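Open the model in your viewer and keep the sequence panel visible. The tour goes from a pair of helices to a set of aromatic rings and ends at two single residues.

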Amino acid sequence: MSAKPEAITTDPAGEPAAIAAAWLEAFDQAMTAGDAAAAANLFLAQGWWRDLLALTGDLRTREGRDRIGAGLAPALARQHPRGFCLQADRPVTLEQPDADTAWVQGFCEFETDTGRGRGFLRLMRDADGVWRAWTLGTALESLKGHEEALGHRRPQGVVHGPQRDRENWAERRAAAREFADRDPRVLVIGAGQGGLTIAARLGRLGVDTLVVEKNPRVGDNWRNRYHSLVLHDPVWYDHMPYLPFPPHWPVFTPKDKLADWFEHYANALELNIWTGSRIESAEYDKTRERWAVQVRRCDGSLREMHPNHLVMATGISGLPLVPDIPGMDDFRGQVVHSSAHQGGEGWAGRKAVVVGTGNSGHDIAHEFHEHGADTTMVQRSSTYVISSENGIPTLFGGLYEEGGPPTEDADLMFASLPYPLLAELHKGLTQQVAEMDRELLDGLESAGFKLDFGEDGSGLFMKYLRRGGGYYIDVGCSRLIAEGAISVKQGAGIEAFTETGLRLDDGSHLEADIVVLATGYTNMRERARALLGDDVADRARPVWGLDDEGELRTIWRESGHPGLWFMGGNLHQSRHYSKFLALQIKAREEGIALG
C-alpha cells in the first residue's frame, strides 16, 4: 500500500531493464558460486531482503549487508538458489517520486532444488554510482513435482469409455465431503476467509482437507454481524484466490453480499465443509504425529478423525474481550459485546452507549444514530482516524485500484516491502492524508475526541499489524461526532454499572438503555486454548504483533506445536498468505525440507 510514484521509462545511465538484468546477472553469479558475502554486497548498506519460504523456509526479514549475508549463507548451502533473471512478461521501470529519489524496479524469477520462485527488486544508485538493491523480495511459487492443479494440470472431470456403476460428479462430490472411508490430511476449524482460502489452496495442491464450521451456513460469520456492516477496504484489495470478484462488484462490499459470495466460492472451489459442526475435543498423538479429533456433526453424530494438521482459522481475533465491570448484573438495560450486537433497529428515542472507538465501535454508534438513538461513545484511549475518500486512494493507490497491476503482482510488490521499512514510508503518507483530512480531524478534536497517528506516526496499516485495531476508516461517523450528533466521553474510565447506566471514575454518570462493548478480543491463541486445551495452547506462541525482525508472529508460520497452524487476516492477507501456509503443509506431507 503506497502512493504511486511517477514511472519513467528512460535514464541517462541506461535503460531500466538493462540495469535490472545486469544486477540480477551479478546476483545469480554470486548465488551460484555460493558466495553469500558477494551477494550481500550487491545490496545497499541499509538494504532489505524479505523472503517468503523460497530460501529460508519461513517468513523472514533481514536488514543490512551483514544480516542479509548471514541469512543467505544457509540458503545457499541447502537450497542452491539459481537462475535469477528478469521475468520476461513483466515491465521494468524507473520510478521517481521526487527530484531526489529514484529507483529501478521489476520482477524476477529463479529456482531452488525444491521449488520455483518469483521476486520483486528495487535498485537505487549508491554513493559510488553503482546500482544496488534497496529491497529484494523473494517468494516461493511452487514445489517441483507438486505444482497446483491449474491450467494444463486441471482435472479431466470424466473417465471416457465403459465404466460399471459410474458415479457422476454430484455423487463423487457427496462422497468426498463425507470422508466415510478416510481421514482428511488437514482439518481446518472455521469457514471464514482464512478457512476458505487455505482449503482452496490445499485443494489445488492435492491435500485432502476438511473444514469444520459451527454456523449453519458458510458466510454466517459475516452474515450474522451488525446490520450496517460494509467492508472498509476496496474490492481490488479483497479478491480471493482463483475466483476474483466480477468486474461489476461494488468498491466496498456489504456483509451479506460477502457472505453469499463465500457460499458460492465454497461450492465453485469444491471445498469439503461440514457446517453446523463443532470440535468436541482434540489431542495430539506424539507417537503417530497426528491428531485425534472428535467432531460433533449437525445431525448430532460424533465422528473421530485423525488429521496430520489442524489449522485454526477462527479469525485473528480470539474470544470476545468483555471487561469485568462491577454492577453489570444490576443494570436494567441490555449489555452486549460488539460481536453479538445485531443492529440499531428498535432503539429510537432511547440512550445507547458504545464503549470503544475502533471500526466496530464507530460503525455501531453510526447505526444507532441512524435509527434515532441518543448515542454516546466512550473513548478509553486515543484512536487513529483516516477518511475513506482521502486515505484509501493514497494508501492503496498504484497497487490496488481500477486498472492497477494483476492481483498476484500487486501482492508480491507490496509483500516485498518489509514491515519496518513500510512503517518509515507510511509516516510521510500518514502526514499527507492528515493534511487532506485536516478539517475532519480538527472537528473531532474540538468535539473532545483524542487522536493519534500510530505509535511512530506510521498510521493505519502498522496499527493493524501491531495491535489488530485502534483505528477507524471514516465512512461518516466522524462527521457526526464533529457536529455533536454523536457525543463522546473521553478521558474517564468506567467505574461500575448502575441500574440505569454507567458511573465513570471522574464522578460523572452516563444514562443508558443499551451498552455495546466494542472492547476487542483476546489473542487468537486463546481461541485455541478454549478448543484444544492448555497443553496445546501453552506450546503455541502468541499470534499477531511483530517479532524482532518485523514479521508477524506465528500466523501462517510454525506455531510452536507440531501439526498446529494459525490462519487468518483480512481478505488480502488471507488470499496472499494462504499460498505460503499451504506450501508449508504440502512440503511436510511430501517430506520436503524447505529451509
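An axis here is a line fitted to C-alpha atoms, for helices over the stretch in contact, and angles run from 0 to 180 degrees between N-to-C directions. Helices (H or I, at least four residues) and strands (E, at least two) are DSSP runs, numbered from the N terminus. This is a predicted model, in which local features need pLDDT of at least 70 and side-chain atom pairs count only at pLDDT 80 or more, while totals for chains, interfaces and linings use all residues. Residues are numbered from 1 along each chain as its sequence is written, and side-chain values use heavy atoms, with hydrogens and water left out.

**Stop 1: helix α18 and its partners**

Select helix α5 (residues 193-204) together with α18 (residues 571-590). The two pack at an angle of about 45°, and their axes are 8 Å apart. α5 and α18 are therefore oblique to each other (under 35 degrees counts as roughly parallel, over 145 as roughly antiparallel, 65 to 115 as roughly perpendicular and the rest as oblique). Among the α5 residues that meet α18 are Thr197, Ile198 and Arg201; on the α18 side, the residues include Ser574, Ser578 and Ile585. Contact means heavy atoms within 4.5 Å.

Keep α18 and add helix α11 (residues 407-415). How do the axes of α11 and α18 cross? They cross at roughly 90° and come within 11 Å. That makes α11 roughly perpendicular to α18. Phe414 is one of the α11 residues that meet α18, where Tyr577 is one of the residues met.

**Stop 2: aromatic rings**

Rings of Phe, Tyr and Trp (its six-membered ring) pair if their centres lie within 6.5 Å; planes under 30 degrees apart count as stacked, over 60 as edge-to-face and the rest as tilted. The whole structure holds 22 such aromatic pairs. Select Phe331 and Phe497: the ring centres are 5.3 Å apart and the planes are at 45°, so this pair is tilted. Phe331 lies in the loop between β16 (317-320) and β17 (334-337) and Phe497 in strand β23 (residues 494-497), so the pair ties together parts that are 166 residues apart in sequence. Both Phe331 and Phe497 are buried (under 20% relative accessible area; exposed is over 50%, partly exposed in between, with a 1.4 Å probe and protein chains only).

Next, select Trp556 and Tyr577. Their ring centres are 4.1 Å apart and their planes at 5°, so the pair is stacked. Trp556 counts as buried at 1% relative accessibility, and Tyr577 does at 2%. Now add Phe414, Tyr419, Phe461, Tyr464, Trp544 and Phe580: ring pairs link these with Trp556 and Tyr577 into a cluster.

**Stop 3: two single residues**

Select Trp48 in strand β2 (residues 43-52). Trp48 counts as buried at 9% relative accessibility. Beyond residues up to four places away in sequence, Trp48 touches several others, including Trp134, Pro418 and Leu421.

Finish at Phe449, in the loop between α13 (438-446) and α14 (460-467). Is Phe449 buried or exposed? At 3% relative accessibility, Phe449 counts as buried. Leaving aside neighbours within four places in sequence, the contacts of Phe449 include Thr357, His362 and Ile481. Ile198, from the α5 contacts, is 251 residues from Phe449 in sequence and 40 Å away in space, C-alpha to C-alpha.
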